[in-house]
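Biologist: Please take me closely through the charged side chains of this model, where they sit and which partners they meet. Once that part is clear, I would like to have it set beside the rest of the chain.

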Amino acid sequence: MEAERITSVQNAHIKKLCRLHQKKERDEAGQFLIEGEHLIQEALKANIIEEILYDEDCPFDFENVTPVTENVMAKLSSNISAVHCIAVCRKLHLSMQDAHRILILDDIQDPGNLGTLIRTAVSFRFDGIYCSEKTVDLYNEKVIRSTQGALFAI
């Protein structure tokens, strides 16, 4: 059953989701946002989506969908271009115990570079990535976008 359309950016649920743009809030909630159909398709394969919000027709067959207005979508989105669907995902807490090929990253500060390294590691069949504490957040919007979904495969 489809939820009622959210029309206000002052809605408590929308305010909570907007806070996920901050690392501290993502860490506390154990959740992060992804934007766009391609990333959502990749996250669906990884089974990490909790909710999909959309402002037009929802192209995904998913149980927990929430329609929102265009202004609510704009408030949630960190993208300059118009985005029509955003998903709330749960962070995975995987063990490196069974990993055999591990990429170790130390103090990578540029989100685009981190995303490229993750994509490259996946293409070379690495099992895991270990990031130092000073490395940019894995769930930073720019990191996620630059991984093109590879983040969900390692």
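Modeller: A residue is called buried when its relative accessible area is under 20%, exposed when that area is over 50%, and partly exposed in between. With a relative accessible area of 39%, Arg-19 is therefore partly exposed. Please keep in mind that the model is a predicted one. Arg-19 belongs to the loop that runs between α1 (12–18) and α2 (23–29), and together with Lys-15, Lys-16 and Lys-75 it makes up a patch of positive charge on the surface. Membership of such a patch requires over 30% relative accessible area and no salt bridge, and the 39% of Arg-19 fits the first of these conditions.

From that patch we can turn to the charges that are paired. Across the whole structure, a search finds 4 salt bridges, and helix α2 is a good place to begin. There, the side chain of Asp-27 meets that of Lys-23 in a salt bridge, with 2.5 Å from N to O. Asp-27 and Lys-23 are separated by about one helical turn, because they stand 4 residues apart in helix α2. Neither term at the ends of the scale applies to this pair, since Asp-27 is partly exposed at 40% relative accessibility and Lys-23 is partly exposed at 42%.

Asp-27 has a further partner, for its side chain also meets that of Lys-91 in a salt bridge, again given as 2.5 Å from N to O. This pair links distant parts of the chain, with Asp-27 in helix α2 and Lys-91, 64 residues apart from it, in the loop between β4 (85–90) and β5 (102–105). Through shared partners, the salt bridges join Lys-23, Asp-27 and Lys-91 into one network. Within that network the surroundings vary, because Lys-91 counts as buried at 11% relative accessibility, whereas Lys-23 is partly exposed, with a relative accessible area of 42%.

Helix α2 also contributes to another pair: the side chains of Arg-26 and Asp-137 meet in a salt bridge, with 2.5 Å from N to O. Here too distant parts of the chain are linked, as Arg-26 lies in helix α2 and Asp-137 in the loop between β6 and α6, 111 residues apart. Both partners, Arg-26 and Asp-137, are buried.

Now for the rest of the chain, beginning with its nonpolar surface. Met-96, Ile-102, Ile-104 and Tyr-130 form a nonpolar patch there, and the accessible area they offer together is about 390 Å². Tyr-130 is part of strand β6, which covers residues 128–131.

As for covalent links between cysteines, a search of the whole structure finds 0 disulfides. Cys-58 accordingly takes part in none, and the nearest cysteine sulfur to its own, that of Cys-85, is 6.7 Å away, where a disulfide would need the sulfur atoms within 2.5 Å. Cys-131 cannot be bonded either, because its sulfur is 18 Å from the closest cysteine sulfur, in Cys-89, which is too far for a bond. Cys-58 is partly exposed, with a relative accessible area of 24%, and Cys-131 is partly exposed as well, with 21%.

The backbone has some points worth inspecting by eye. Most residues other than glycine have a negative phi. Asn-47, however, has a phi near 60 degrees, a positive value in a residue other than glycine; Asn-47 is found in the loop between α3 (37–46) and β2 (49–54), and at 55% relative accessibility it counts as exposed. Gln-148 likewise has a positive phi, near 55 degrees, but Gln-148 lies in the segment after α6 and, at 42% relative accessibility, counts as partly exposed.

The segment that follows α6 (141–147) also holds Phe-152, which is buried, with a relative accessible area of 13%. The C-alpha atom of Phe-152 is separated by 28 Å from that of Glu-70, a residue 82 positions away along the chain.

To return to your request, the charged part can be followed from the surface patch of Lys-15, Lys-16, Arg-19 and Lys-75, to the network that joins Lys-23, Asp-27 and Lys-91, and on to the buried pair of Arg-26 and Asp-137.

Conventions
Residues numbered from 1 in each chain as written. Predicted model: local features only at pLDDT ≥ 70, side-chain atom pairs only at ≥ 80, totals over all residues. Heavy atoms only, no water. Patch = residues over 30% accessible without salt bridge, like charges linked within 9 Å, V, L, I, M, F, W, Y side chains within 5 Å. Areas by Shrake-Rupley, 256 points an atom, 1.4 Å probe, with all protein chains shown as cover. Lys, Arg positive; Asp, Glu negative; His and termini not counted. Charge placed at Lys NZ, Arg CZ, Asp CG, Glu CD. Helix = DSSP H or I, 4+ residues; strand = E, 2+ residues; numbered from the N terminus. Buried < 20%, exposed > 50% of the residue type's maximum accessible area, 1.4 Å probe, protein only.
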